[in-house]
Amino acid sequence: MIIYFSMSLCLLQTRSLLSVFEEDAGTLTDYTNQLLQSMQRVYGAQSEMGLATEQLSSQLLEYEKQLNTLHSELASQMADRMIFPMIQFREKDLTEISTLREVFGIASDEHEAAMVKYSRLPKKKENEKVKAELVGEVAYSRRKQHQASMQYYCALNALQYRKRVAMLEPMLGYTQAQIHFYKKGMDLVSKKMDSFLVSVSSMTQSIQAQLDSEAEAMRLTQRELLSMEDTVYMPDRDPVPVNRTLIQKAGYLNIRNKTGLVTTTWDRLYFFTQGGNLMCQPRGAVAGGMVLDLDNSSVMAVECEDRRYCFQITSPSGKTSMILQAESKKEYEEWICTLNNISRQIYLTDNPEAVAIRLNQTAIQAVTPITSFERRGEGSPNPDRLASHAEETPCGVPSSSSAPEAEDLIVPGTPIQFDIMLPASEFQDQNRVGGRRTNPFGETDDDCSPESDDSLLQQVFAVRFLGSMAVRSGQTQEVIYEAMRQVLAARAIHNIFRTTESHLMVTSSCLRLIDPRTQVTRISFQLQEVTQFAAHQENGRLMGFVVEGRDWSEGTEEGEPSFSAFVFESNTEGEKICYTISLGKDIIEAKKDPEALAQLMKNMPLTNDGKFLLLDSETGDTANGGAPDEEESEA
């Protein structure tokens, strides 16, 4: 994890340093041009001084030869030691930087075009020949971009050394020319000035030696990189395993943008995480900007326009969402795991890396199958706890002095169901876990159908089913929290991030889970069968309930009681759903007493059809179960 994080951090630092170096090269070019103009003016003035001295020497015949020679030497030394090094630096080094930058830009554009073609590669009807051509094109463009970038980076690094020499040599030449000019007539030039010039020369030679050493090291690195095989540059060929404990990540992703009512475009941008935020750095920008706050957000895999490796990030309110595409399966899984870790606010802890590793190990243990409850007890740190917990008081009531353990709530190794099939295919399972039996002849034995529902309460919530599992008890909310933990852990371990949105209709007689597209009831429960319901204590969008059913596998006439926990994720607070279920149960109890029912109806606002009006409909429709409006904002 440390190596991978270092590579991501190095990539981010390289992008930032490249912008700084490019800006420094542009500033140096402007400064060099201005300095060269000033030096040329000095040289012109000295040449003019030589001509004026020559004219003066004609009047002073005895000094003609000496003065003319002195100023000619000064002008010649300025031209050789001041003007020529500056012109050479501008024409050689700065021009090379400009040329390499253009080559690097062309190689980057070719790589971007190749990645766009590869990103459009469909996964349903793969053409091996086309795929091989695109993979080869991506590898070739990456190798070409890598070579161009290495040459460009080497030139930029060399410029940092060269510019110091280029600025010192002209000034040193000018100083030496002036000293040589005045040395013949002045005795003020001391050994101290000579030692200063010697130290400047030594420093120049030292900088040149450092430049040669760095250049040789970069050449060796280039040869080592160029000797690698093409598979290193091919996408989706990373041999490194997926790291599910990351709390920071950076890299290129494709983001979907809407351009019209039904048309979309995909842009390839550089994304990175910083704290609890998802950041994006556009091309040409020195720094990145915040795209989305990841705290308590949801991340899940989605199918999008026949593209591979797509996932969606949704804000806690459900009003903001964005769809991104990774370039490989490893990147796709690591981005989802990293964003989920950040959503849990692990980065706020004292040691986030250790917390992420511990949560991942806990999730693995939560979904590890165990053959029997006895084996789990033998391997536990306190095997006597199971026997002592089963002891009863003299009155025959189990002792409840200690909080229930996970094994007491849910049998270890209990299978988890991540989707709800239609009643026709899940007839026996729904009947066993407490769901409603579908009569093949169209007859019903209750009034829970939409056509005959005359309940006073009818409220619809947009939810996503996460999972269900059998539990041991239905009399405590702790069993719901434990079921939530195991369902979420199992989804994270098995990479099950895709969920289907449904409508949960709560009435005063039953709960119904409705398919919003077909309006088919996927599963329903009588409200009297719901024994417990609760929202998650930290993530308010999670809620669940326990349903009591009958198990006739023992052969008894009435069947043994069985309990099942169902876990959902809502677009709003789960407490609202729990409040509605509680109100439905209150209505059932109030129906037994007409006066209590009248008092309850008097205290609650009613709709025009006489039903209770609790909350605004989350699905954009009335309580009759219409299809939901699809609202999606692209970042």
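**Reading a sheet, two helices and three residues**

Student: Let me start small: which residue stands opposite Val546 in strand 13?

Tutor: That is Gln532. Keep in mind that this is a predicted model. Gln532 belongs to strand 12, residues 530-535, and strand 12 runs antiparallel to strand 13 (residues 542-551), with 5 bridges joining the two.

Student: How many strands form the sheet, and in what order?

Tutor: Read the order across the sheet, strand by strand. Here 7 strands give the order 11-10-9-8-14-13-12, with antiparallel pairing, and the sheet is open.

Student: Which strands stand at the edges?

Tutor: Look for a strand with a single partner. Strand 11 (521-526) and strand 12 each have just one partner strand, so one side of each lacks a neighbour in the sheet. As for the twist, neighbouring strands are turned by 30 degrees against each other on average, ignoring direction.

Student: What does helix 11 touch when it packs on the sheet?

Tutor: Helix 11, residues 478-493, touches strand 8 (458-471), strand 12, strand 13 and strand 14 (560-570). The directions of helix 11 and strand 8 make an angle of about 80 degrees. Helix 12 (residues 574-591) packs on the sheet too, and its contacts include strand 9 (501-507) and strand 10 (510-514). Its direction makes about 155 degrees with that of strand 12.

Student: Now backbone angles. Which sign of phi do most residues other than glycine have?

Tutor: Most of them have a negative phi, so a positive value is worth a look. Tyr309 is not a glycine, yet its phi is positive, about 60 degrees. You will find Tyr309 in the loop between strand 5 (298-301) and strand 6 (310-314). Gln519 also has a positive phi, near 60 degrees, and lies in the loop between strand 10 and strand 11.

Student: Is Tyr309 buried or exposed?

Tutor: The cut-off for buried is under 20% relative accessible area. Tyr309 has 17%, so Tyr309 counts as buried. Gln519, at 34%, is partly exposed.

Student: And Gly467 in strand 8: which residues does Gly467 touch, leaving out those up to four places away in sequence?

Tutor: Gly467 touches Gln417, Phe418, Val487, Ala565, Phe566 and Val567. Its relative accessible area is 0%, so Gly467 is buried. You can also compare chain separation with distance in space: Gly467 and Gln486 are 19 residues apart along the chain, and their C-alpha atoms are separated by 9.5 Å.

Conventions. Residues are numbered from 1 along each chain as its sequence is written. This is a predicted model: local features need pLDDT of at least 70, side-chain atom pairs count only at pLDDT 80 or more; totals for chains, interfaces and linings use all residues. Side-chain values use heavy atoms; hydrogens and water are left out. Two strands pair if DSSP finds at least two bridges between them. Helices (H or I, at least four residues) and strands (E, at least two) are DSSP runs, numbered from the N terminus. Axes are lines fitted to C-alpha atoms, for helices over the stretch in contact, and angles run from 0 to 180 degrees between N-to-C directions. Contact means heavy atoms within 4.5 Å. Buried means under 20% relative accessible area, exposed over 50%, partly exposed in between (1.4 Å probe, protein chains only).
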